[in-house]
Amino acid sequence: MTEINLGTTADMHVHLRDGTMSKLITPTVKSGGISICYVMPNLVPPITTKQQVEEYHKNLEKMAPDTTFLMSFYLCKELTPELVEECADKGLIHGIKCYPAGVTTNSKYGVDPNDFSQFYPIFEKMQEKGIILNLHGEKPGIDEKDEINIINAESKFLPALRKLHQDFPRLKIILEHTTTFESIELVRELNQGKKQGDEIFIGATITAHHLYLIIDNWANNPINYCKPVAKFHKDKNALIDAATSGEPWFFFGSDSAPHPIHKKQVHVDVCAGVYTQCNAIGYVAEIFDKFNKLENLKKFVSDNGIKFYDLKEEILAKHKNESVWLIERKNKVPEILGNGEVEVVPFKAGDELKYIIEWRKN
Ligand code: DOR
Ligand code: ZN
């Protein structure tokens with residue numbers, strides 16, 4: 001029976017919401033096998049001030065004291081280099097998330113990726129302070145002539161990533177929840193020539209659900225609908241290859257994004273987001289097992305993300321006494337999660353998984 005010590009695990013892209021939903025979801029970071037998570041700022045209103053980020057962090061810690069929550073700002077014109085500097089110096093934020101306006105949930109306060117120039121003073125400061133730029137890499141279609149749709153929006157965004165890297169070669173940038181063959185190729189290209197131990201500036205997160213899904217799986221099931229949407233077999237296979245490769249620029253970011261069941265089970269305006277937090281490691285392990293790559297699982301779900309974020313000893317110290325173990329033991333994904341006020345359907349609800357996690361003292 002397989003048992004693997006994954007050490008301190010990291011999920012570098014989670015949506016923990018606020019209010020009742022947050023109470024239900026936040027404790028599932030730990031139960032899903034995650035020690036450290038990077039929290040998205042797309043609340044309503046978005047997280048753009050020091051006070052908001054401090055308060056949000058405090059609330060999350062109260063709900064799940066064993067978990068480390070790394071915080072982010074939402075890129076928008078209200079941010080200033082001075083604010084970024086202050087919050088970076090105090091360790092309040094680790095990154096800033098960029099949402100192109102209109103491409104996904106709560107992105108209406110976001111930016112126009114055709115012209116990032118107004119944010120260059122912010123990027124300058126981020127580069128100086130080692131703050132990460134997290135990109136939702138989809139280009140919004142402005143008019144019909146652009147011929148942009150949910151299938152090609154990620155590929156059409158890639159020139160913007162290239163340009164940002166050219167203009168800020170030492171800014172750490174993550175292409176979040178990559179879904180395409182082209183994205184994987186570009187991330188490899190931009191890291192070409194890097195040797196073991198070199199500093200890395202371009203990374204990509206990969207979700208659990210994009211290792212399973214293609215277009216057919218969400219076209220008839222809104223539970224599997226998320227942004228960016230899952231694409232084609234060729235894309236899924238590229239994601240599996242990247243995730244299981246052990247290459248240091250690819251790491252886990254679940255993009256677990258819960259929505260109440262009544263907002264998923266509708267036939268118009270289905271909310272984008274797949275909830276995977278409660279079995280995060282289990283879903284990923286299943287794929288690594290299927291492709292005989294379990295030996296690289298720890299790199300993907302633990303080491304690579306922690307290294308890219310350059311997490312300091314004082315953050316890691318909190319997790320020194322406990323490790324996440326992957327255990328081969330059949331278990332079932334719950335049909336539904338609820339707390340009497342809100343209900344969420346997890347990814348692969350009711351399905352059997354081969355692996356479960358246990359927290360063990362070191
Ligand atoms: O599917 C998604 N859901 N993609 C995102 O980028 C946002 C997220 C959410 O917040 O629900
Ligand atoms: Zn997200």
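**Exercise 1.** In this predicted model, determine which polar side-chain atoms lie close to oxygen atoms of ligand 1, beginning with His15, and state how much of the ligand's area the protein buries.

*Solution.* Step 1: a polar side-chain atom of His15 is found 3.3 Å from an oxygen atom of ligand 1. Step 2: for Arg17, the distance from a polar side-chain atom to a ligand 1 oxygen is 2.8 Å. Step 3: an N or O atom in the side chain of His259 is likewise placed 2.8 Å from an oxygen atom of ligand 1. Step 4: ligand 1 taken alone exposes 290 Å², of which the protein buries 100%.

**Exercise 2.** Describe the surroundings of ligand 1: how many residues surround it, and what is their make-up by class?

*Solution.* Step 1: the ligand is surrounded by 14 residues, the closest being Arg17, Asn42, Lys227, His259 and Ala272. Step 2: sorted by class, this shell holds 3 nonpolar, 8 polar and 3 charged residues. Step 3: the space that ligand 1 takes is the largest cavity.

**Exercise 3.** Identify which residues coordinate the zinc ion (ligand 2), and decide whether His13 and His15 are buried or exposed.

*Solution.* Step 1: His13 (NE2), His15 (NE2) and Asp255 (OD) coordinate the zinc ion at 2.0 to 2.1 Å. Step 2: along the chain, these donors follow the spacing H-x1-H-x239-D. Step 3: His13 and His15 are both buried. Step 4: His15 thus appears in two settings, as a zinc donor and with a polar side-chain atom 3.3 Å from an oxygen of ligand 1.

Terms used:
Residues numbered from 1 in each chain as written. Chains lettered and ligands numbered in written order. Predicted model: local features only at pLDDT ≥ 70, side-chain atom pairs only at ≥ 80, totals over all residues. Heavy atoms only, no water. Donors = N, O, S within 2.8 Å, 3.2 Å for Na, K, Ca; no water. Buried < 20%, exposed > 50% of the residue type's maximum accessible area, 1.4 Å probe, protein only. Near = heavy atom within 4 Å. Polar contact = N/O pair within 3.5 Å; in protein donor to acceptor, adjacent residues only side chain to side chain. Areas by Shrake-Rupley, 256 points an atom, 1.4 Å probe, with all protein chains shown as cover. 1 Å grid on protein atoms, 1.4 Å probe; cavity = no way out; pocket = protein on both sides within 12 Å on 5 of 7 lines; lining within 4 Å. Sits in = over half its atoms within 2 Å of the grid points. Nonpolar A, V, L, I, M, F, W, Y, C, P; charged D, E, K, R; others polar.
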